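Thanks for coming. I will go through one structure today, a few places at a time, and then stop.

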Amino acid sequence: MLLIPCPWCGPRDEAEFRYGGQAHVAYPEDPAALSDEEWARYLFFRDNPKGRFAERWNHTAGCRRWFNVVRDTATNEWVSA
Amino acid sequence: MTSHHRRHRRPGFGGEPLRFRFDGQDYEGLRGDTLASALLANGVRTVATSAALGRPRGIYASWTEEPNAIVQIEHPFPEPMLQATTVELYDGLVATGLTGRGRLSDRPDPARHDAVHAHCDVLVVGAGPAGLAAARAAAGSGARVILADDRPIAGGSLPDTAETVDGVPGAAWASAVAADLAGRPDVRVLSRTSVFGYYDDNYLVAVERRGEWGGQGRARERVWRIRAGRVVLATGAHERPIAFADNDRPGVMLAGAARAYANRYGVLPGRRAVVFTAGDSAYAAARDLASAGVEIAAIVDVRQAPGARWDGAEILSGHVVTGVGGDGAVSSVSVSDGREIQADLLLVSGGWNPVVHLFGQAGGELRYDEGIGSFVPRSARQALEVAGAARGVFSLSGCLEDGAAAGARAAEAAGFRAPPRHPAPRASDDGASDNGASDNGASDNGAPDADEPVAFWLVPSGDYRSHFVDLQRDVTVADVVRATGAGLRSVEHVKRYTTAGTAHDQGKLSGVLTSAIVAHAIGADIAQLGTTTFRAPYMPVSFATLAGRDRGALHDPVRVTSLHDWHVAHGALFENVGQWKRPWYYPRPGEDMEAAVLRECRAVRQSVGAMDASTLGKIDVQGPDAAEFLDRLYTNMMSTLKVGAIRYGVMCRADGMVFDDGTVIRLADDRFLVTTTTGNAAAVLDWMEEWLQTEWPSLRVYCTSVTEHWATVALAGPGSRDVLAGLAPGPAVDAASFPFMTWRDAEVAGIAARVCRISFSGELAYEINVNAWDGLALWEALHATGAVTPYGTETMHVLRAEKGYPIVGQDTDGTVTPADLGMDWVVSKKKAGFIGKRSFARSDTARPDRRHLVGLLPADPDFLLPEGAHLVESSTLPEPPVPTLGHVTSSYRSAALGRTFALALVSGGRERVGERLYVPLGGEPVPVTVTHHVLYDPEGARRDG
C-alpha cells in the first residue's frame, strides 16, 4: 500500500487514488495533422521504465484533483511530488 | 493426569488441565500448551503423514517453522492445515493429523473477524530480547510505539532457554518489560499477533489471534494494518536442518525445539537422545535436556575440534549421522564411525538462519555471511532497522545491546530524541563477544568458531532419495539434483520445478538448505546463488480473517432508489447494476419471468407502463464554457442545443470507441444536465474532471453529480399522454405543444417536476423528474390512475432492443465505434475537434469487415439464442480453429414481434443483411438470418403517439 503524496491533502493511502499512467503526454495540438502512426503513438504507446517515472495520479476518494509525481518504479520511492 | 513425558507444570499458567482428542484418542494437556507440546507430553510421536510419499511424520520444530505436524481441527469449528506447533490448546479441542490437504468446513463460520488500522512512530516486530530492548528504547523517547509479537507470551526464545537477565529467568524478565511497556500511554503491546506482510512505504499487516472459538462478542481474529514511521525487525532466527538419510522420521527434531519443549512447556520429547550438530548452540540444548531428565547418549559434531565442551555425554567430533533405524519413529541412530546408538530422539542443529522474510518483503537486499553460514540483511530500501538474531547477532547480551541501539536509532529517525541509554541488562552470557554476524564471535548461544567452516548442510551419500530438504513437500536432495541435472541453475527455477519451499510453511526451514544443495550440486557459490524471493504472507492467514466484516451484505455498498420499498412491497425481483438494486420485473402470482416480461412489454406497447429510472447518472454541468466543453466531449454538437431542448449524445474515448451515451438537457445558456448510463455515472464524471483539469484548465466549467437528488420515472406507451394530462393539467401535452426531445417544468400530481419527452422504447414516452423525496408520491399517483403497469429493467431491455438501441457495456465492449453501431449520424462532420475524432480517420476504423450491430432472427422463431454465442459462416464446422464472425450481444423473446430475436456484432454485418449464418452451440449449428438492427417500428411512427 503506497503512501502517495497528494499535493493538496498530504500523504494518503494508495487505495484513495486512481492511477493515470505516464505524465506529460499532452493531447496533440492538431490531431488532424498527425499521420496514423503518430496518432497511434499518442493513443497506445507509453514508456515503461525501470527507475524514475513521471506519472499521473488522481485523488479520487479525496480532493479529486489530478497531479503529477515522479516515482522510482524499481523501489517505489517518491522522488518528487 | 501428568504423563510420564511431563516433567513439571510451567509457572504462570495455572496448570489448568485441558481435555482434547487427537486422531480419536482422548488426552489431557495443560493451559499454555500447544497441541504439539500436549501431544509430546502424552508420548504421541507420529502426528501426520507426508503428502506425496505417505511417510510418517512427527513434530520437528516448536513454532511457525514446523513443516511436519500439519493437523485438521474438527471441533469446535473445522479448520484445515494448521501447524500443531502453533495451535494453542483449549478444552474440548478435537483434531486429526493430516495427509496432504485439509478439508474446508461445509458450514458457515460463526466467528467474527475484524480489522484495525493503526499508525505509529516505531513498530517493533518481535518481543524477544532484541525487540523488547528496542521497544523500551523507542518508548523512552516519547515515540508512539507498537510492539507486535506472534507468541502468547513475550520473550522470544528466552522461555525456551534457561538463560537469565539481571539475575532473573529470561521469561520473567521479558514479562516484566512487556508489562511495563503495555502500561505506558503511547505504547501498544500486541501479543499473539503475527506480522505477515511488509508492503511499500512501511505499511505492515498483521493478524492478531484473540482467543478460543466462539468467544462472546469478540472477533476471533483481527487484521492490523499498520503504517509505521520506522520499523525495527527483531524477528529472530530459525535453526537450520541437515540433510541426511531418513531425516524426516518422527523423533528427528531441531535441537532448539527440543530445548523449547523442555524449558517452555516442561515436556520431554524423548527419553534418550543423540545430538547431531555443526555448532555450539546444540550443546546448550543438550545440557538443558539432560538436566530435564533426557539421557544424552552422544553428541555427533561435524567439526574436528568443537569450540564447545561438555562432560555430560560422549562427543563424536568429526563425525556425522548417516541414518536412523526404527520402524517408523526413530529407535536408533547410525554414526559415520559405524556405531548404531539406541535412541528415540535425534536432535539436529545445522546452525541458525536469521529470519529475514519481512526484511526481504520490504525490498531489502541480503548478503551471505561466512561466519554464520547464512544470509543476513545488507541494505534496506525502506525506513527500517534490523536487530538481534535477525541480523546474525546470536548471543543474548548481544541481542539486548543491539536491540536497544536499534530502538534508539528508530526513534531518532522518526523525529524523537532517545533518552540516555538504560544500563544494559546483564545477561547470563555476558562476556560473550558476539557483536554481529560478521564478527564471527563464539558464544554459548550458537555463533560458531572462526577456525572451522560452519556451514554444514548435507551428509554425503550414494543415495539421496531419503535426504529430505523440504519435509512438507517431500522434496529430497535427489529431487534437487534431478532439477539441476535438467539444467536448472537458479534457485527460483529449482523451487518451482521441485516445489521445495512452496508448502504453507513457505520453506522457513528448507529455503537456505535448498540454496545450499543447489550450490553443492552445480559447484556454485551459495553467496552468488542467493535465496528465493520472500513474499507475503509470512505465515498462513485465513481468507475469513482478511475478509473481516467485508462479506455478505457489507461486502459492497448497496444503493437503492427512493422507490425501493414500493418495489419490494409489490414483489419485484431485483437486478444488480453496479451497486444499484434495480427492479428487474414484477411477477404476478403464477407468472414466471418470461410471462411477466411479455406482459410488461405488451402493456408498454399497447397502453402505458412506468419504470423507475432514478439510477441513471445525472451530472450538472455549468459555467460560461459549458457548451464548448460538451462540444469537445460528445461526438455530436451540443452548443447549438436550445434552452428547453434535449439531445441524445455519444461520448468516445480518444481511440474513437464508444464510452458512454445519454441525453443532454439544456437548462440555461451556461447550464446543462447530462445523463449517463447507470453503471458508468462515476466514470463519466471522472472523465470530465480529467479533461477539465489536465487538458483544458482554461475552460470555466463545474461538474457536479446530482444522480441522487432526483427520482426519475419513465412513463411510456401510447396511453402515457393521457395519464400525464390527467395528472398535470398545467401544460399542453399535445405533440405540437410538447414536441419530442424537449422538456418542461410542470406540476405533476401536485409535485414540482421536470418532464422530458424522451423515449427509450420507441413509444410515446415521458421522463418525469422530481425531488428524490417526492418520488414515492409521484409513483403512487401514477399507479393510482389504474392505467399504469410497472415494468422493470428486463422489459426496458427488450423494448429498446426491438428498436435497435444499444446498451453501452452490453452491446459494446470498448472496441465499437458509433459507426459500428450504425450511428454515423451522431458523429458531427462540422465540429473542428472532439475526443475521438481523429480516430475515425484511422484506416482501422474504416475497415469494411469491422463488426457492425445487426439484428438476428433465429430460423426457429421459438429458439432463444444465448448471449455471448458466436456466429460462423457455414452449417458444417471446419477443423478448428474456426473463425468467428462475431457474437450475440442481446437476445430476447419479443411480444411485439411474436418471436425471439437478438442483436449481434457481426463482421461486415450491414452487408450481410438477409444472409443466413449459424450459431454453433454444441449440437447442430442453429441457423439465423441477419437483419437490420431496428426490428420494430423502423419508421419511428409510434414516437409521437
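In which loop of chain B is the place of B:Arg192? The loop runs between strand E12 (187–190) and strand E13 (193–199) of chain B. Before going further, please keep in mind that this is a predicted model.

I start with B:Arg192 for its backbone. Its phi is near 50°, which is a positive value in a residue other than glycine. For background, most residues other than glycine have a negative phi. As for the surroundings, B:Arg192 has 26% relative accessibility, so it counts as partly exposed.

B:Asn202 is another case. Phi of B:Asn202 is near 55°, again positive and again in a residue other than glycine. This residue sits in the loop between E13 and strand E14 (203–209) of chain B. Is B:Asn202 buried or exposed? With a relative accessibility of 4%, B:Asn202 counts as buried, because the limit for that word is under 20%.

Next, peptide bonds. As a general matter, most peptide bonds are trans. Which residues does a cis peptide bond join here? One such bond joins B:Ala536 and B:Pro537, with omega at about 0°. B:Pro537 has its place in the loop between helix H11 (526–529) and helix H12 (543–547) of chain B. A cis bond also joins B:Pro880 and B:Pro881, where omega is about 0°. Look for B:Pro881 in the loop between strand E45 (870–871) and strand E46 (886–894) of chain B.

Strand E46 brings us to B:Ser894, which is found in that strand. B:Ser894 has a relative accessible area of 3%, so it is buried. What does its side chain reach? It reaches the backbone nitrogen of B:Leu897, at 2.8 Å. A polar atom of the same side chain of B:Ser894 lies 3.2 Å from the backbone nitrogen of B:Ala896. Leaving out residues up to four places away in sequence, B:Ser894 touches B:Leu598, B:Val798, B:Glu802, B:Arg899 and B:Phe901.

Staying in chain B, consider a helix. How many residues of helix H2 (residues 129–139) are buried? The count is 11 of its 11 residues, and the helix is mostly covered. Among them are B:Pro129, B:Gly131, B:Leu132 and B:Arg136. The buried residues of H2(B) pack against strands and helices of chain B. The strands are E8 (113–125), E9 (145–148), E12 and E15 (221–233), and the helices are H3 (170–182) and H7 (396–413). E12 came up earlier, since the loop that holds B:Arg192 follows from it to E13.

Now the contact between the chains. The size of an interface is often given as the accessible area lost when the parts come together. Between chain A and chain B the buried area is about 2,200 Å², and carbon and sulfur atoms give 45% of it. Which three residues of chain A supply more of its buried area than any other three? They are A:Met1, A:Tyr27 and A:Arg64, which supply 29% of the area that chain A buries against chain B. In residues, the contact takes 26 from chain A and 24 from chain B.

What about polar links? There are 17 residue pairs in polar contact between chain A and chain B, counting pairs with both residues at pLDDT 80 or more. The count of salt bridges between the two chains is 4. In one salt bridge the side chains of A:Asp36 and B:Arg838 meet, at 2.8 Å from N to O. On the side of chain A that touches chain B, helix H1 (residues 36–44) of chain A gives the most, with 5 residues. By class, that side has 16 nonpolar, 4 polar and 6 charged residues.

Last, the aromatic rings. Ring pairs link A:Tyr27, A:Trp39, A:Tyr42, B:Phe629, B:Phe659, B:Trp687, B:Trp691 and B:Trp696 into a cluster. Over all chains, the count comes to 25 aromatic pairs. Why is the pair of A:Phe17 and A:Trp57 edge-to-face? The ring centres are 6.3 Å apart and the planes stand at 85°, so the pair is edge-to-face, given that the class needs an angle over 60 degrees. The pair links distant parts of the chain, 40 residues apart. A:Phe17 is in the loop between strand E2 (10–13) and strand E3 (18–22) of chain A, and A:Trp57 is in strand E4 (residues 52–58). A:Phe17 is buried, at a relative accessible area of 10%, and A:Trp57 is buried too, at 6%.

That is the end of my part.

Key: Residues are numbered from 1 along each chain as its sequence is written. Chains are lettered from A and ligands numbered from 1 in the order in which they are written. This is a predicted model: local features need pLDDT of at least 70, side-chain atom pairs count only at pLDDT 80 or more; totals for chains, interfaces and linings use all residues. Side-chain values use heavy atoms; hydrogens and water are left out. Contact means heavy atoms within 4.5 Å. Buried area is the accessible area (1.4 Å probe) that two parts lose on being put together, summed over both. A polar contact is a pair of N or O atoms within 3.5 Å; within protein, one must be able to donate a hydrogen and the other to accept it, and residues adjacent in sequence count only if both atoms are side-chain atoms. Helices (H or I, at least four residues) and strands (E, at least two) are DSSP runs, numbered from the N terminus. Ala, Val, Leu, Ile, Met, Phe, Trp, Tyr, Cys and Pro count as nonpolar, Asp, Glu, Lys and Arg as charged, and the others, Gly among them, as polar. Rings of Phe, Tyr and Trp (its six-membered ring) pair if their centres lie within 6.5 Å; planes under 30 degrees apart count as stacked, over 60 as edge-to-face and the rest as tilted. Buried means under 20% relative accessible area, exposed over 50%, partly exposed in between (1.4 Å probe, protein chains only).
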